[in-house]
Amino acid sequence: MSQEDASGAVLLTHAVGLHARPSVKLTKLAKTFQARVELSPSPEGPWIDAKSIVKVMAAKVPQGVHLHFRAVGDDAANAVAALIGLVERDFDEARADAAHS
Amino acid sequence: MQHTVERIGRPASPGVAAGPLVLLGENHALRTPTGDSRRERDDLASAIDRAVGAIRALAGKVDDEAAAILEFQVAMLEDSELVSPAYEQIARGTDAAAAWSAALADQIRTYEEATDEYFRARVADLRDLRDEVLRHLAGDAGGEMLEGAVIAGEDVTPSRFLSVDWSRGGAIALFGGSPSSHVAMLARTRGVPMIVGLGPVDLAGHVEAIVDGDTGRIVLSPQSSDWSTYRSARAARTGRAAEEGTAAMQPAVTANGVPIKVMINVAMPEELDRLDPAMCDGIGLFRTEFLFHGEGGLPDEESQYAAYRKIAKWAAPKPVVLRTLDAGGDKPVAGLTVAGESNPFLGTRGIRLSLAWPDIFKVQLRAMARAAVHGNVRIMLPMVTVPEEVDQAAVLLDACVAELAAAGVPARRPPLGIMVEVPAVAIAPELFANAAFFSIGSNDLTQYVTASARDITAVAGLNDPGNPAVIRLIANVVAGAAALGGDVSLCGDMGGDPRHIAALLAAGLRSVSVAPTLVGRAKLKIAEVVAVP
């Protein structure tokens with residue numbers, strides 16, 4: 001059994017910050033991985049369980065903050081990469097927003 | 001067999017009705033704790049399951065935007081972080097409802113403290129979740145069981161009122177509440193008898209009740225003499241109703257021949273299905289809040305357009321006054337209004353809220369400009385305090401009309417008027433030359449002039465639209481409109497109240513907008529009054 005550690009950070013550009021809809025997407029994606037995944041608005045923590053919508057929402061992360069991820073487990077690297085990708089793509093909402101404006 | 005009990009409250013909506021008594025389960029008060037922590041845990045788990053099921057079912061029936069909000073609620077309910085503190089409390093001997101309420105109270109507090117407005121607004125979502133689960137926990141029935149019933153409780157929310165099909169009868173009897181609340185307004189519109197301010201009443205053992213909305217009297221477990229009184233009251237009302245029904249279809253004219261415009265206040269387009277446009281001179285107030293109270297969150301442009309178009313077509317060529325969102329105060333909208341303001345009636349409500357959210361406001365203005373193609377549409381701004389607010393709204397409206405024209409969407413720029421309800425406007429109406437028309441919102445004007453909240457039973461007696469100061473301000477607004485060359489109407493409850501009609505006509509008012517059920521009564525009263533031309 002290989003224990004894998006991974007970490008990374010990404011700039012949160014979403015208009016309101018980490019609000020309800022992005023938080024649902026983020027926690028859903030995090031739950032698809034075996035690894036324990038945590039996030040924090042700061043490299044020093046406090047670290048929050050990225051699979052809990054209650055915890056993620058309660059962190060009230062605003063726009064313009066660097067979101068830090070860390071993971072421990074078999075698929076840790078994939079988990080961090082996938083989550084960073086989701087934030088980078090602005091939670092796949094850009095197209096929907098453009099359609100509204 | 002229970003003894004007959006009689007209580008007197010304050011009349012809030014006229015009419016008499018009788019039916020089975022249903023206590024509204026707002027809180028966990030309804031549910032009796034089992035005292036067995038395993039049962040409590042199982043009951044909570046199953047209530048959460050049923051709440052999730054209900055929300056999921058709803059999500060299947062709404063658009064994507066609304067579904068996303070519901071998906072968030074489901075995700076919250078399914079997160080063990082939310083539920084486990086409640087289970088821990090239950091293990092320590094707390095009952096399921098109290099444990100769930102406490103767990104949610106902790107969550108709600110963290111959102112109330114948020115500096116970001118968006119996160120603060122999530123308080124409404126969490127309260128919804130709390131109440132939904134409590135409702136399932138109490139085994140509370142949905143709207144169906146409330147049909148034809150006498151609904152009793154501390155207070156009732158507008159959405160709860162609207163979930164009931166009142167065509168099958170029924171009445172409302174509240175321990176608290178106020179005759180000026182929005183539910184009371186809705187009750188008058190729908191002809192649902194309602195009394196408020198009964199104080200605490202022990203309903204245990206009572207299964208039937210008679211409610212008299214004219215006198216404010218409720219009879220629990222009525223005896224045969226009560227039933228015969230009830231039947232003759234119903235018969236007398238039927239006679240009066242016939243007279244009012246005839247009067248409603250005639251033009252309103254005073255005893256000395258002065259024509260008066262009588263328009264109607266409408267809260268939902270569906271109300272018009274049962275009404276004949278010939279009864280009125282137009283729609284003096286369409287309240288758009290109800291579009292925003294659906295389970296699906298904020299309404300999109302298309303659904304708003306469909307509603308406004310229906311109203312415009314119904315009344316055409318008579319005017320239709322569409323009021324832009326009047327949320328805030330006692331009419332919160334999840335995700336939009338500011339929660340936790342120390343005094344919401346003096347806070348971010350009406351036009352203040354719309355100007356704070358121009359993107360949401362523009363969706364409404366676009367829908368209204370599009371509907372204007374189908375009739376005589378006018379737009380009215382609520383809670384205006386200074387002329388600059390009208391200017392700002394006009395800029396947004398012009399931009400919407402220009403954008404629609406550029407996109408080739410048929411639209412028209414409707415006249416932009418204001419609701420006169422803030423004393424600052426009623427005192428100096430001549431400052432508002434930029435408003436195309438005035439409509440006096442006498443309910444809020446009264447509450448601001450008399451400094452008595454419409455929803456506080458203890459001071460509701462002070463909340464009197466007949467107060468000479470209110471009448472004097474109304475006369476001032478009428479004079480101000482005449483000086484500016486604009487027209488003026490009144491869309492508060494006093495316009496349909498026979499006790500106030502003579503004073504309104506004496507103040508120079510020649511147009512009122514009233515609940516559809518009050519049109520006949522208002523016209524009969526107008527016919528008795530001599531108006532000085």
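Two strands count as paired here if DSSP finds at least two bridges between them. In this predicted model, strand 4 (residues 150-153) and strand 5 (residues 171-174) of chain B clear that bar, pairing in the parallel sense over four bridges. Within that pairing, Ala152(B) has Ala173(B), in strand 5 of chain B, as its bridge partner.

Stepping back, these two strands belong to an open sheet of eight strands in chain B, laid out in the order 1-8-7-3-4-5-6-2 with mixed pairing. At the edges sit strand 1 (5-8) and strand 2 (10-13) of chain B, each pairing on one side only. On average, neighbouring strands of the sheet are turned by 25° against each other, ignoring direction.

Two helices of chain B can be placed against this sheet. Helix 8 (residues 182-190) of chain B lies across strand 2, strand 5 and strand 6 (194-196), and runs at about 60° to strand 2 of chain B. Helix 9 (residues 224-248) of chain B, for its part, lies across strand 3 (16-23), strand 7 (208-212) and strand 8 (217-220), at about 125° to strand 3 of chain B.

As for the interface, 15 residues of chain B are in contact with 15 residues of chain A. On the chain B side, the elements giving two or more residues are helix 2 (64-77), helix 3 (80-91) and helix 5 (117-137). Helix 2 of chain B supplies the largest share of that side, with six residues. Sorted by type, the chain B residues that touch chain A come out as nine nonpolar, five charged and one polar.

Key
Residues are numbered from 1 along each chain as its sequence is written. Chains are lettered from A and ligands numbered from 1 in the order in which they are written. This is a predicted model: local features need pLDDT of at least 70, side-chain atom pairs count only at pLDDT 80 or more; totals for chains, interfaces and linings use all residues. Axes are lines fitted to C-alpha atoms, for helices over the stretch in contact, and angles run from 0 to 180 degrees between N-to-C directions. Two residues are in contact if their C-beta atoms, placed from the backbone, lie within 7 Å. Ala, Val, Leu, Ile, Met, Phe, Trp, Tyr, Cys and Pro count as nonpolar, Asp, Glu, Lys and Arg as charged, and the others, Gly among them, as polar.
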